[in-house]
Amino acid sequence: MYSKEVEETLNRFRDNDISEQEFCELAILKNKYIPVLIDVVEKQESALSFRCMKVLYLISEKSPEILYDSFFIFAGLLDHHNQMISWNAMDILAQLCRIDE
């Protein structure tokens, strides 16, 4: 589904060999990880989805412009059945609003 490099990195993240902060820095450098993080949040119900959401939040704090094109995806997550995902989406949207200032 993903490239070999992306799959390997995601597996390392899943196995806690990469921290949220490290994955954040990697995703900022290589934007190809952004759709993967969003995909995991949208399609998986696991601890991995919460960790990916945390990485997305860290990205929104450091480089919100990278996520701005995904604004409506995060807006859609406000109705997610899992409240933790909804709350994190709200926090990310708040960070993205800084770009409109």
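This section describes the salt bridges and a nonpolar surface patch in a predicted model.

Five salt bridges were counted in the model. Among them is the pair formed by Lys 32 and Glu 5, whose closest N and O atoms lie 2.6 Å apart. Lys 32 is placed in the loop between α2 (20–29) and α3 (33–43), whereas Glu 5 belongs to helix α1 (residues 4–14), so this salt bridge ties together parts of the chain that are 27 residues apart in sequence. Both partners fall in the intermediate class of accessibility: Lys 32 is partly exposed, with a relative accessible area of 39%, and Glu 5 is likewise partly exposed, at 32%. The pair also belongs to a wider arrangement, since Glu 5, Lys 30 and Lys 32 are linked in a network of salt bridges.

A further salt bridge joins Arg 51 to Glu 20, with the closest N and O atoms 3.0 Å apart. This pair links distant parts of the chain, as Arg 51 lies in helix α4 (residues 47–62) and Glu 20 in helix α2, 31 residues apart. Arg 51 has a relative accessible area of 14% and is therefore classed as buried, the cut-off for this class being under 20%. Glu 20, at 18% relative accessibility, also counts as buried.

The salt bridge between Asp 39 and Lys 43 is contained within one helix. The closest N and O atoms of Asp 39 and Lys 43 are 2.9 Å apart, and both residues lie in helix α3, where a spacing of four residues corresponds to about one turn of the helix. The two partners are assigned to opposite classes of accessibility: Asp 39 counts as buried, at 13% relative accessibility, while Lys 43 counts as exposed, at 62%. The assignment of Lys 43 follows because exposed residues are those over 50% relative accessible area.

Apart from these charged pairs, the model carries a nonpolar surface patch. Phe 50, Leu 78, Met 84, Trp 87 and Met 90 together make this patch, which covers about 480 Å². Its largest share, three residues, is contributed by helix α7 (residues 83–96). Trp 87 is located in helix α7 and has a relative accessibility of 46%, so that this residue counts as partly exposed. Trp 87 can take part in the patch because patch residues need over 30% relative accessible area.

Key:
Residues are numbered from 1 along each chain as its sequence is written. This is a predicted model: local features need pLDDT of at least 70, side-chain atom pairs count only at pLDDT 80 or more; totals for chains, interfaces and linings use all residues. Side-chain values use heavy atoms; hydrogens and water are left out. A salt bridge is a side-chain nitrogen of Lys or Arg within 4 Å of a carboxyl oxygen of Asp or Glu. Helices (H or I, at least four residues) and strands (E, at least two) are DSSP runs, numbered from the N terminus. Buried means under 20% relative accessible area, exposed over 50%, partly exposed in between (1.4 Å probe, protein chains only). Patches are made of residues with over 30% relative accessible area and no salt bridge: like charges are joined within 9 Å, nonpolar side chains (Val, Leu, Ile, Met, Phe, Trp, Tyr) within 5 Å. Accessible areas come from the Shrake-Rupley method with a 1.4 Å probe; for residues, only the protein chains shown count as cover.
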